[in-house]
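The following exercises ask the reader to derive statements from a set of atomic coordinates. Each task is followed by a worked solution.

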Amino acid sequence: MRGAKSAKWVAGAIVVALAATACGSGSGDEGKKNASGKPEGYVSIDVGEPQKPLIPADTNETNGSYVIQSLFTQLLDFDAQGEIVYTNAESVETQDSKTWTVKLKSGWKFHNGEAVTAQSYVDAWNWYANIKNNQQNSFWFADIAGYDDVHPEKGDPKADKMSGLKVVDDTTFTITLKDKVPYFNYKLGYATFAPLPKVFFDDPKAFGQKPVGNGPYKFEKWTHKKLIQVAANPDYQGPNKAQNKGIQFKSYTTLEAAYQDVVSGNLDIIRQVGPTDLPKYKQDLGKGAIEQPYAAIQSLVPAFYSKTFKDIDPKVLQGLSMAIDRDTITKTVLNNTRTPATSFTPPQVKGNQDLGTDVFTYNPAKAKQLITEGGGVPENKLFIQYNSDGGHKEWVTAVCESIRKATGVDCVGDAKPDFPTDLEARDNDQVKSMYRGGWVADYPVNVNFIKELYHTSAESNNGRFSNKEIDGLMAKADKASSLEEAVKGYQEVEKKLLEQMPAIPLWYYRINGGHGEAVDNVKVDFHGDLELTGVTVK
Amino acid sequence: MGRYVARRLLQMIPVFIGSTFLIFAMMYALPGDPVRALMGDQAYDPAVVASIRSDLGLDQPLWQQYLTYMSNLVQGDFGTEIASKREIADIIAQAFPITLRLTLFAFTFTVLVGIGLGVIAGLRPDSVRDRGLLALTLVLISMPSFVLGYLMQYIFAFQLGVTTATVQDSENFGDLMLPAIVLGSLSLAYVARLTRTSMAENLRSDYMRTAVAKGLPRHRIIGVHLMRNSLVPVVTFLGTDIGNLMTGAIVTEGIFNVQGIGKTIFDALTRREGATVVGIASLIVLVYLLTSLLVDLLYAVLDPRIRYA
C-alpha cells in the first residue's frame, strides 16, 4: 500500500505545521479587561507603532512624538495660542540672547523616584548631541557653544561635553550659544530637549523599549505593533497633569479601521479621519467631530536647478500662484481639510502677517499676464512631483487642472511610488520642475517657517533657493537682542520672499479627527497634536 | 518514498538561496534610502545619516551586504530593523502566528464549505442547486475582497452587532471569523467550482459504472471512488492557495485591523527595511516549497497510480 505510506508522511507534515502554530500562539494575552482590553478610566487613541525606540532626541515622526510627549516634560511648552507655558522650568531668561539661565522647579522627580536636576538636563543634552549616538534630532543642539566638538561633520568627536552647558546648582544651569538666537527659548519647547534619568546611560537600548520619564504619564507596557499603554503619574507637578487614568496608544492598519472602531465605541479618539469617511464624519460623530486649523503649511516648491525654473523670473511663479484656485480646491477635492494660504507662515505662529498682496488670490487673467511678462514657462510645461502613497494625487491633479485652464501652461503630476523615492529625488537634485513640500511647526515662531526652508544652507531647502540679500536679512534678524525684534526682522524677510517666490504656498492644514461619546474635552495644540492630558472620561 | 522526500528537501536549498538573493538584489535596486527616509520631510543632519549608514553596513557593495546577511541567517540571525532596532526574528515571531492562524482558519473554511458545496452541486449536474452554486460562486469571484469585507463589517458589526467591527484580539477565533470568511471566500468559489466540475465528469467514468455494477453502497461509491479521484485538481489548487492566502491577506488585514504578515511586509517595503522584507519573503518561499511537496505527496494518497520512488 504505497498510498497508506505516503499518508503517514502527509500526516507527519501536518503535525509539524500545527505544532509550529501552537508555538507561536502564546504571545501577548495580558490585560484582557473588557471587550477592547482597556482598563477603567483610560483613554484610547489611534497612534501607531513608533518607528524608533522611545528616546526623545531620536523621535520626530508623529506616532513616536505622541508617546514621548506623554512620558517626558521638557522645560516649557506652548498653549493653543503659541505662547510659552513653563512646565519643568521656573524661568528661562537671558540678557543678551546669547547666554540663557534656566531655573528648574524644585521637587520634580522621574518616574523611578530620581530627582530631576540641572545635571539630568545637561547630561542628556550632551548625550543627544554626540555624533556617536546617531540621534536624529542632534542638530537641534547646534546653536549651543561646543556643539562642533561633540558633533563634527566628519570623524570622531573631540569632546563628550558641550562647553556651552554649565551646571550652577541643583536647579540652575546656563546655556551659552555660539551666536545670538533671540528665539532660542521657543526651541526649548521641542520634545527633544527632555531630560534623562541616570538609568538611561546604563543601557540606552533597553531604555528605548521601556522609557522612564518625568512627564504626566508613566510607561506601562508596549506590545509591538498593537498597543502602548501609559498610566497617569499621580506625583506629577506640572500644569498639564493628567485628567484621566491613562492612555492606550492603539495601532491601526488603516484610518478606515480606526474610524469604524470610533463609531462602534471600541476606540475613544481618532486623530485623522480617512478621506473616504470625511464626507460623513460630522454626522456620525456629532459633537465628537474635531475640525481645527494648526500650524502647518503645504507648498509647491520649484527646483531652481531644473530646466523649467533655472533663472526664472519670479513673476512667472507669482503668475502660477494666481492660477491656482485655492478656495475651490480646498472645499471640493480636499473636503475642507485645508485652509487657503495667504502668506508663507500659518496664522498660529508669532509674526504671521497680512502681506497685502493678491499673489495668493485666484485671478486667471492676471496670472496669464504675469507669466507672459516674466517670459513664460520654458517649454510651456511643468511637473509637480509627489509621493503617491500619501493621498496627494487628487489635489495635485486639481492644481494642475487649475493652472492649465487659467494659463494654458501644461502641468503634469510626477508621481513617485512612495515617500523614500520622493525624498531621494529631492536630495539628489532630480526634481523635474517642482515638488510638493510640507512643513509642520517645530516651535510657533515665523523663523521656523522661513529660515529652515529658504536659507541657502538650510537642510530642507531642497529647491536650492539661494538669495544673498535674503540670507543677509536673516543674519541681521538673528542678531536682534529681543524676540520681538527678531520676529520683525523675519517679517521683513517674508516680504522679500513674496518678491522672490522660493515656493508657492498652497494651504494650511486642519486636523479632522473625532472622539466617541465616552470621552470629552479633546483639545488640539498649535502643531495639530491632541492634548491627551486634558481628556476626561465620562 | 523517504528518499524522494529527502531529495525534494535538498532541492529546496538552491531555490531558497536563489530566491533570497533575488529579493535582496531587488530591495537593493529600489530607489530611496531607508536611513534618509527616517528623517522625513523635516530638517536633518547628513552627518547622522552617514554615520548610521556606516554603522549598519549600508555603504558596502551589494555582494558584501548579501554575504553578511546570509552568513548571519545561517546562524539563525535575521538581523535588526533599521528604524525600530528590533530583532527581525521577533517581528516575524509576532506577525507570523497571527497570519498563520487567520490562514488556517480561512483555509479550513475554504476546504469544508468549498468541497461541500462542490459535492452537493457536482452530484446533480445541471440541477437547480447546481445552477444556484454557479451563480453564487460567480458573485464571489467577481466581488473584490474589500467590497465583501466592508459589506460583512457593515452587516455583522453595525446592523446585527454580533461581532466587533475590527479584530480586537487576534488570539480569539470568534474575532477572526469575519476576516477569515472574507479571505477564504474567493478561494472557496474556485474550490467549489473545481470540485463540482471534476465530480460531474468522473460520475460518467468507467470505474464509476463498475463500482455501481459491483453493487457497492452509495456512500462508498461517492466517498471513496468518486471523491478520491475528483480531488486531485482541487488539492493542486489548494496547495498554491495556502501561500496566496498568507501573502494576499493585506487588504483583508487592513479592513479588519489584523497585524499580520501582509501589513508587516508592506510597511517594511515602503520604509525600505530590506532585511525584514527578505526575511519574511524567504519564509513565504519556504511555505510555498513545503506545501508543493505536501501536494505532491497527497497525489499519491489520492490516486494509487501515482508513485514516488
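The exercises below concern a predicted model.

**Exercise 1. Confidence**

Determine how confident the predictor is in the complex and in chain B.

Solution. Begin with the complex, to which the predictor gives an ipTM of 0.73 and a pTM of 0.82. Next, take chain B, where the pLDDT averages 86 and 99% of the residues score at least 70. Finally, resolve chain B by helix: the lowest confidence falls in α2 (residues 34-39) of chain B, with a mean of 82, and the highest in α6 (residues 128-142) of chain B, at 91.

**Exercise 2. The fold of chain A**

Establish whether chain A is compact or extended for its length.

Solution. Start with the secondary structure: chain A contains 17 helices and 21 strands. Its radius of gyration is 26 Å, and the globule rule gives 24 Å for 538 residues; the two values are close, so chain A is as compact as a globular protein of that length. Along the principal axes, the C-alpha atoms of chain A occupy a box of roughly 80 × 75 × 50 Å. Of the 538 residues in chain A, 50% are buried. Turn last to the contacts of chain A between residues at least 6 apart in sequence: 68% of them join residues at least 24 apart.

**Exercise 3. The interface**

Describe the side of chain A that touches chain B, by element and by residue class.

Solution. Count the residues involved: 53 of chain A are in contact with 57 of chain B. Then assign the chain A side to elements; those that give two or more residues are α1 (2-24), α8 (255-263) and α14 (419-427) of chain A. Among these, α1(A) gives the most, with ten residues. Sorting this side of chain A by class yields 13 nonpolar, 25 polar and 15 charged residues.

**Exercise 4. Helix α10 of chain B**

Compare the end-to-end distance of helix α10 (residues 218-247) of chain B with its expected span, then locate its bend and its buried face.

Solution. At 1.5 Å a residue, the 30 residues of α10(B) should span 44 Å, and the end C-alpha atoms lie 41 Å apart, which agrees. A bend of about 45 degrees is found at Met227(B). The buried residues of α10(B) include Leu226(B), Ser230(B), Val234(B), Leu238(B), Asp241(B) and Leu245(B). An α-helix has 3.6 residues a turn, so residues three or four places apart point the same way. The buried residues of α10(B) pack against α5 (88-123), α8 (173-202), α9 (206-213), α12 (261-270) and α13 (274-302) of chain B.

**Exercise 5. Positive phi angles**

Examine Lys85(B) and Asn257(B), and decide whether each is buried or exposed.

Solution. Most residues other than glycine have a negative phi. Lys85(B), however, has a positive phi near 60 degrees, and Asn257(B) has a positive phi of about 55 degrees. Locate each residue: Lys85(B) sits in the loop between α4 (62-74) and α5 of chain B, while Asn257(B) sits in the loop between α11 (250-256) and α12 of chain B. Apply the cut-off of 20 or more other C-beta atoms within 10 Å for a buried residue. Lys85(B) has 13 such neighbours and is therefore partly exposed, whereas Asn257(B) has 28 and is therefore buried.

**Exercise 6. The surroundings of Gly208(A)**

Identify the residues in contact with Gly208(A), apart from its neighbours within four places in sequence.

Solution. Gly208(A) belongs to helix α7 (residues 204-209) of chain A. It counts as partly exposed because 19 C-beta neighbours lie inside 10 Å. Its contacts beyond four places in sequence are Pro53(A), Leu54(A) and Ile55(A).

Conventions:
Residues numbered from 1 in each chain as written. Chains lettered and ligands numbered in written order. Predicted model: local features only at pLDDT ≥ 70, side-chain atom pairs only at ≥ 80, totals over all residues. Contact = placed C-beta atoms within 7 Å. Helix = DSSP H or I, 4+ residues; strand = E, 2+ residues; numbered from the N terminus. Nonpolar A, V, L, I, M, F, W, Y, C, P; charged D, E, K, R; others polar. pLDDT = per-residue confidence, 0-100. Expected span 1.5 Å × (residues − 1). Bend = angle between axes of the 7 residues up to and from the residue. Buried ≥ 20, exposed ≤ 12 C-beta atoms within 10 Å, placed from the backbone. Rg over C-alpha atoms; globule rule 2.2 N^0.38 Å.
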